[in-house]
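I opened this notebook page to record what I looked up, entry by entry, while going through the coordinates.

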Amino acid sequence: VTPDEYCVFKHPSLRESGNHLKPIIVTNIGSKKHKMIYDDRGGIIDVSVDEQMQRSACLSEDEVMQLAVWAIAIEDHYSVRVGKPTPMDIEWAKDGKLNEMFIV
């Protein structure tokens, strides 16, 4: 699986509540021939993905922007602790049942 890639400009207004900018610079749709889903017994199985879904983005613009806001908050937190700008590698997940995103 080649994941989708999103590049977001870290505009200062992303730190403000009620921001309506969507500074998504680049969206690259990756190949998604398989995906992992919950099975009926609570386990996880690997299934094939239809062609239309393979060409679709996994996240909406609003979800990308939510991740960007969280990323900036996390980077700001650690930058203050370290005393200098500190980029962070942040892992996240989207729950397939609840359709919610989480920092993991």
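The entries below go from the pocket to the helices, the strands and a few single residues.

**Entry 1, the model.** I note at the outset that this is a predicted model, and I read each value below as computed from it.

**Entry 2, the largest pocket.** I began with the largest pocket, where I found about 1600 Å³ of space. Its lining is made up of 39 residues, and those that lie nearest the centre are Cys-58, Leu-59, Trp-92, Ala-93 and Lys-94. When I sorted the lining by class, I counted 25 nonpolar, 5 polar and 9 charged residues. I then asked which elements supply at least two residues each to this lining. They are strand S1 (5-8), strand S3 (34-38), helix H1 (51-54), helix H2 (61-82) and strand S5 (92-94), and H2 gives the most, with 6 residues.

**Entry 3, helix H2.** Since H2 gives the most to that lining, I looked up its length next. Its 22 residues should span 32 Å at 1.5 Å a residue, and I found the end C-alpha atoms 31 Å apart, so the expected span and the model agree. I listed the buried residues of H2 as Glu-63, Val-64, Met-65, Leu-67, Ala-68, Ile-72, Glu-75 and Ser-79. To read such a list I kept in mind that an α-helix has 3.6 residues a turn, so residues three or four places apart point the same way. What covers these buried residues includes S1, strand S2 (24-28), S5 and strand S6 (101-103). Just after the helix, I noted that Gly-83 takes a positive phi of about 90°.

**Entry 4, Leu-67.** From the buried residues of H2 I picked out Leu-67, and I asked what it touches beyond its neighbours within four places in sequence. Leu-67 is in contact with Leu-59, Trp-92, Met-101 and Ile-103, and of these Leu-59 and Trp-92 are also among the residues nearest the centre of the largest pocket. Leu-67 counts as buried because its relative accessibility is 12%, and the cut-off for buried is under 20%. For a distance across the model, I took Leu-67 and Ser-31, which are 36 residues apart in sequence and 21 Å apart in space, C-alpha to C-alpha.

**Entry 5, strands S3 and S4.** I turned to S3 and strand S4 (residues 44-48), which run antiparallel and are joined by 5 bridges. In this pairing Ile-37 has Ile-45 in S4 as its bridge partner, while Met-36 stands opposite Asp-46 in S4. The hairpin has 5 residues between its two strands, and in it Gly-42 takes a positive phi near 90°. Is S4 well covered or hardly covered? It is hardly covered, with a count of 0 buried residues among its 5 residues.

**Entry 6, helix H1.** I looked up two residues of H1, Gln-54 and Met-53. Leaving out residues up to four places away in sequence, Gln-54 touches Ile-29, Gly-30, Lys-32, Lys-33 and Val-49, and Met-53, on the same terms, touches Lys-32 and Lys-35. Lys-32 thus appears in the list for Gln-54 and in the list for Met-53. The C-alpha atoms of Gln-54 and Gly-30 are separated by 7.8 Å, although these residues are 24 places apart along the chain. Met-53 is partly exposed, with a relative accessible area of 39%, and its C-alpha lies 23 Å from that of Val-8, which is 45 residues away in sequence.

**Entry 7, two loop residues.** In the loop between S1 and S2 I looked up Leu-21, which counts as partly exposed at 41% relative accessibility. Leaving aside neighbours within four places in sequence, Leu-21 is in contact with His-11, Ser-13 and Met-65, and Met-65 is one of the buried residues of H2. Leu-21 and Val-80 are 59 residues apart in sequence and 25 Å apart in space, C-alpha to C-alpha. In the loop between S5 and S6 I found Asn-99, which has a positive phi of about 60° although it is not a glycine. I set beside this the general rule that most residues other than glycine have a negative phi.

Definitions and conventions. Residues are numbered from 1 along each chain as its sequence is written. This is a predicted model: local features need pLDDT of at least 70, side-chain atom pairs count only at pLDDT 80 or more; totals for chains, interfaces and linings use all residues. Side-chain values use heavy atoms; hydrogens and water are left out. On a 1 Å grid over the protein atoms alone, a cavity is a set of points where a 1.4 Å probe fits but cannot get out, and a pocket is an open set with protein on both sides within 12 Å along at least five of seven lines; lining residues have an atom within 4 Å of a point. Grid points are joined across faces, edges and corners, and a volume is the space filled by probe spheres set on the points. Ala, Val, Leu, Ile, Met, Phe, Trp, Tyr, Cys and Pro count as nonpolar, Asp, Glu, Lys and Arg as charged, and the others, Gly among them, as polar. The expected span of a helix is 1.5 Å times one less than its number of residues. Buried means under 20% relative accessible area, exposed over 50%, partly exposed in between (1.4 Å probe, protein chains only). Contact means heavy atoms within 4.5 Å. Two strands pair if DSSP finds at least two bridges between them.
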